[in-house]
Amino acid sequence: MDDFLIFDGISKSFSNHKVLDNVSLTVKKGEIFSLLGPSGCGKTTLLRICAGLEEPDSGRIILNGEDITDLSPNKRQVNTVFQNYALFPNLSVFDNIAFGLRISGMKESGIKDEVYKYLEMIQLTDHARKKPDKLSGGQKQRVAIARALINKPKILLLDEPLAALDLKLRQRMLVDLDNIHDEVGITFLYVTHDQSEAMSLSDNIAVLNEGLVEQVGTPTQIYEAPRTSFVAAFIGDTNFFEGDVIEVNEPYSTLHIEDFTDVLVYNDKKIRKGDRVYLSIRPEKFTVTLQKPQLPESYNIVKGKVEEIIYLGYHTKYWVRVNEYLIETKRLHDRYMLDEKMITWGDEVWLSWHADYCYMLEQYNMEDEALLTLPDEEIMAEIESESGEDE
Amino acid sequence: MSLQGLKKRKSEVLISVSPMGWLFIFFVIPTFLVIAMAFRSADPYGGIGEQWTLNTLKDLRNPNYPLIIWRTVWLSIISTAICILTAIPAAYYISRIKKKYQDIILLFIIVPFWINFLIRIFAWKVFLHPEGMFKQLLVTLHISGPDSLLLYRPEAVLVVIVYSYLPFALLPIYASAEKFDFHLMEAAYDLGAGRLQAFIRVFIPGIRQGLLTAIIVVFIPALGSYVIPDIVGGPSAEMIGNKIAQRTFIDRNLPHASALSAILAFAVIIPSALALTRRFFKEKNSGSLGI
Amino acid sequence: MKRSRFPFYMTIAILVFFYLPIVIVFTQSFNASRFGGTWKGFTFDWYFKLFSDKNIWHAFSNTLIIAFSSTAVSVVLGTLSAFALYKYKTKLQITHNILVYLPLVMPDILMGISLLLFFVSLKLELGLFTILLAHITFSISYVAMVVLGRFQDFDYSIFEAALDLGATWWTAVKKIMIPYLMPGIAAGGLLAFTLSLDDFVITFFVSGPDSTTLPLYIYSMMRHGSPSVINALSVIMVLFTFVVVFISKKLLEVKE
């Protein structure tokens with residue numbers, strides 16, 4: 001009973017535009033599985049196909065061993081929390097939550113107990129008689145979740161459930177969602193474009209891009225071992241390098257990177273001498289120092305010049321120029337000494353990092369570099385978030 | 001087409017067929033019938049002749065008709081202009097006051113138009129009547145002589161057309177003005193525009209959708225006016241509508257009435273159909289429903 | 001910057017313009033003088049004359065029969081039409097859209113004569129039935145537009161949510177879509193009803209000798225009867241309109 005929900009080769013096009021291209025995924029029972037990707041990647045379509053609101057052009061959906069591909073939405077034991085809540089405006093909170101039970105023909109006395117149980121869970125017992133338009137965004141969200149969960153679906157689909165909430169509320173709802181999941185133990189299929197939501201909530205994440213699955217894995221796997229340049233650039237920040245293998249050794253081989261330096265990398269993939277290899281190195285893996293550090297041989301060291309600095313309180317971002325490469329690095333302020341000489345614009349600095357931190361990508365696409373943040377974009381983003389716009 | 005597509009198509013046709021069928025039978029066919037009848041001759045007994053002919057259309061060259069058509073057009077243009085020009089400042093005023101007062105004024109504007117159309121026109125006949133109070137007042141104030149007529153002249157028709165259709169101009173213009181962002185006016189003042197300049201160069205373009213609707217909903221019914229000139233206008237204020245009714249009910253010359261109607265129909269239908277097709281495509285492109 | 005007072009004065013002027021003739025009709029209905037050049041004393045005579053007129057009641061009942069039945073049919077057809085226009089964006093619906101809009105811009109007199117010609121060529125006897133057909137025809141478009149307006153704000157995902165929660169297509173229509181549309185359907189129905197009560201021109205063309213409606217009767221009184229009796233009738237109709245609108249407003253509020 002491990003593979004609870006299976007998408008098997010799902011394809012879907014809208015007016016000749018391919019939204020999903022032969023997507024296959026498996027979701028385990030009881031887990032929170034996220035579909036993560038930018039808008040237009042097909043994640044919502046996949047969720048709607050699972051709910052029965054769209055029909056796939058080809059492929060099957062198996063839920064708990066049963067093929068549900070051709071079932072209409074009302075016959076599926078699947079419920080959805082819609083992005084804009086989709087609460088029935090003409091029904092009270094109570095009647096909204098009771099809707100599914102009434103449809104299934106449950107007795108009115110049983111409905112009342114059941115609804116109040118869920119109202120209690122979402123802490124809205126006092127609001128039972130209110131119409132949805134009298135509720136706040138967070139309350140509507142909770143009603144939408146209760147309305148779906150009360151039917152005891154085999155799987156709960158959540159379509160960007162937090163997108164319409166403000167930042168503070170989003171963080172609180174994230175905790176609430178996690179608690180609710182622990183309480184009911186139902187499998188969640190969670191659609192989001194927000195990597196931090198996906199990272200903090202999920203057991204497993206599927207990263208989608210232009211209708212294709214880029215990678216499936218735990219949050220740690222996705223972050224630390226991105227399979228493709230898209231995953232590396234979409235989740236967190238990174239630096240890309242392109243090099244040729246000049247020496248293969250165990251456990252570390254040497255790459256020659258044009259315009260940069262020769263780099264020692266860990267052999268996490270099978271490589272041969274002369275291969276073209278793409279690397280992803282996360283900014284926080286670099287250590288930036290004014291003096292040349294004394295380090296063992298398994299470290300890489302390169303000299304550069306600081307071009308841009310953004311101070312963010314808990315850490316600082318430095319963009320360091322090494323020939324053609326502008327490398328993003330991040331330094332945590334885990335210790336702060338007043339007398340320490342600060343790194344500043346134009347300083348000559350040493351970048352050092354361990355060979356284990358160089359991660360070889362299986363697939364590289366130049367277009368994905370557009371996803372990397374450049375210093376000026378970063379500054380703009382900071383200004384926006386300070387003026388209270390958190391999207 | 002996929003099976004699902006066919007199913008969807010079937011339910012679409014099933015839903016659309018009854019309203020579309022009704023409108024086709026009782027609107028499209030009769031309209032084409034009017035145009036067809038214009039090419040028939042009249043028989044002397046008030047019926048429709050058997051032959052196809054161009055004579056009916058040729059009869060329209062009768063010097064009477066161009067005069068009436070011309071009068072119909074200028075009365076419609078002037079009344080539309082008056083409606084628009086008075087509605088703009090009023091809509092501007094209403095959209096700038098508190099929402100609560102807006103609703104009250106709108107209610108006051110709509111209320112008189114719950115009254116039967118004929119009775120509203122009749123009220124004007126009473127108001128402008130030669131023995132009525134208003135006339136007496138004008139005579140007392142020496143504004144008008146005791147023998148001059150207020151009724152039965154084109155000006156009376158004009159006033160009543162404006163009275164009847166002004167709310168239809170006011171409401172769409174108000175709807176646009178209400179959505180208009182008045183900060184744009186402040187921005188215009190800030191950039192050195194005067195009050196009138198800001199009004200003409202920022203406000204007017206901002207409500208152009210409402211203006212367009214207002215022009216259509218006043219001008220087209222004005223062209224087709226029949227009851228208004230019939231009741232408050234005399235022979236010197238006849239419009240096409242009166243002639244159509246005369247040919248239908250008095251002379252029993254249906255082909256003649258059809259020929260006049262066909263002219264009116266072409267004047268109305270072609271521009272509105274064009275405007276509609278454009279709007280539908282615009283809506284379609286700007287946001288598909290994703291259903 | 002000081003605001004111009006001109007828009008304010010214009011608004012006041014328009015309101016005075018709108019109410020002046022009505023006020024005159026009200027006062028004249030109690031004036032003993034026939035044309036009311038001068039006030040010749042207060043009287044209820046015109047009202048008594050009005051109520052003793054049997055024909056009026058006959059015309060009134062004809063009007064109500066037409067109004068109720070044309071509203072019932074046009075509400076159904078207009079709502080179907082709005083649903084199709086909202087849900088499907090196909091070539092068929094472009095035609096449908098034009099078909100629904102055109103009657104709105106068509107001058108009454110054209111619709112009147114075209115329906116007359118149509119009924120005459122079908123050799124249908126002119127009477128209440130032909131009036132009913134005509135009223136349904138012009139009401140459909142108004143109902144469709146009003147209901148479509150309500151549809152524009154309809155969030156289709158609440159319909160999907162109902163399906164998702166186990167409702168069948170028809171249950172979702174019945175329990176979610178129709179209750180949501182109800183204010184729009186009621187408003188469209190009310191509009192169709194008033195338009196039917198109010199219509200003179202089209203009715204004038206398609207009516208027969210025995211199918212006089214209230215507006216037709218008012219028209220013949222204007223031509224041949226005493227104007228003061230019409231003043232009295234106007235006052236009663238105005239009051240009647242107010243009562244109907246007031247009650248329907250209250251009913252809608254209770255529903256909300």
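**Exercise 1. Is P229(B) buried or exposed, and what surrounds it?**

Solution. The structure is a predicted model.

Step 1. Place the residue: P229(B) lies in helix α11 of chain B, which covers residues 227-232.

Step 2. Apply the cut-off. A residue counts as buried when its relative accessible area is under 20%. P229(B) has a relative accessible area of 2%, so P229(B) is buried.

Step 3. List the contacts. With neighbours within four places in sequence set aside, P229(B) touches V157(B), G234(B), A237(B), M239(B) and N242(B).

Step 4. Compare sequence with space. L158(B) is 71 residues from P229(B) along the chain, yet their C-alpha atoms are 8.9 Å apart.

**Exercise 2. Find the helix that holds T137(C), and state which residues T137(C) is in contact with.**

Solution.

Step 1. T137(C) belongs to helix α6 of chain C, residues 128-152.

Step 2. The relative accessible area of T137(C) is 0%, so this residue is buried.

Step 3. Outside the four places on either side in sequence, T137(C) is in contact with W22(B), L23(B), F26(B) and F27(B). These contacts carry the letter of chain B, and the next exercise turns to chains B and C.

**Exercise 3. Describe the interface of chain B and chain C by area, polar links and residue class.**

Solution.

Step 1. Start with the area. The size of an interface is often given as the accessible area lost when the parts come together. For chain B and chain C this is about 8,600 Å², and 80% of it is on carbon and sulfur atoms.

Step 2. Count the residues. Chain B brings 93 residues to the contact and chain C brings 87 residues.

Step 3. Count the polar links. There are zero salt bridges between chain B and chain C. The two chains have 10 residue pairs in polar contact, with both residues at pLDDT 80 or more.

Step 4. Find the main contributor on the side of chain B. Helix α1 of chain B (residues 3-37) gives the most, with 23 residues.

Step 5. Sort that side by class. The side of chain B that touches chain C has 66 nonpolar, 16 polar and 11 charged residues.

**Exercise 4. Describe chain A as a whole, then the contact between its two domains.**

Solution.

Step 1. Take the overall extent. The C-alpha trace of chain A spans about 75 × 50 × 35 Å along its principal axes. The chain has nine helices and 20 strands.

Step 2. Take burial and contacts. Of the 391 residues in chain A, 50% are buried. Among contacts in chain A with a separation of 6 or more, 67% join residues 24 or more positions apart.

Step 3. Divide the chain. Domain 1 of chain A runs over 3-228 and domain 2 of chain A over 230-386. Their C-alpha centres lie 37 Å apart. The contact draws 18 residues from domain 1 of chain A and 14 residues from domain 2 of chain A.

Step 4. Give the area. The two domains of chain A bury about 1,500 Å² between them, with 60% of it on carbon and sulfur atoms. Y223(A), R227(A) and T228(A) supply 41% of the area that domain 1 of chain A buries against domain 2 of chain A, more than any other three residues.

Step 5. Look for polar links. The interface of the two domains of chain A has two salt bridges. A salt bridge joins the side chains of K285(A) and E224(A), with 3.2 Å from N to O. There are also 10 residue pairs in polar contact between these domains, with both residues at pLDDT 80 or more.

Step 6. Name the elements on the side of domain 1 of chain A that touches domain 2 of chain A. At least two residues come from each of α6 (195-201), β9 (204-209), β10 (212-217) and α7 (219-224) of chain A. By class, this side has nine nonpolar, six polar and three charged residues.

**Exercise 5. Describe the contact between the two domains of chain C.**

Solution.

Step 1. Domain 1 of chain C covers 6-43, and domain 2 of chain C covers 53-255. Their centres, taken over C-alpha atoms, are 31 Å apart.

Step 2. Seven residues from domain 1 of chain C and eight residues from domain 2 of chain C take part in the contact.

Step 3. The buried area is about 650 Å², and carbon and sulfur atoms give 69% of it.

Step 4. Across this interface there are zero salt bridges. The count of residue pairs in polar contact (both at pLDDT 80 or more) is also zero.

Note on methods. Residues are numbered from 1 along each chain as its sequence is written. Chains are lettered from A and ligands numbered from 1 in the order in which they are written. This is a predicted model: local features need pLDDT of at least 70, side-chain atom pairs count only at pLDDT 80 or more; totals for chains, interfaces and linings use all residues. Side-chain values use heavy atoms; hydrogens and water are left out. Domain bounds come from an automatic or database domain assignment. Contact means heavy atoms within 4.5 Å. Buried area is the accessible area (1.4 Å probe) that two parts lose on being put together, summed over both. A salt bridge is a side-chain nitrogen of Lys or Arg within 4 Å of a carboxyl oxygen of Asp or Glu. A polar contact is a pair of N or O atoms within 3.5 Å; within protein, one must be able to donate a hydrogen and the other to accept it, and residues adjacent in sequence count only if both atoms are side-chain atoms. Helices (H or I, at least four residues) and strands (E, at least two) are DSSP runs, numbered from the N terminus. Ala, Val, Leu, Ile, Met, Phe, Trp, Tyr, Cys and Pro count as nonpolar, Asp, Glu, Lys and Arg as charged, and the others, Gly among them, as polar. Buried means under 20% relative accessible area, exposed over 50%, partly exposed in between (1.4 Å probe, protein chains only).
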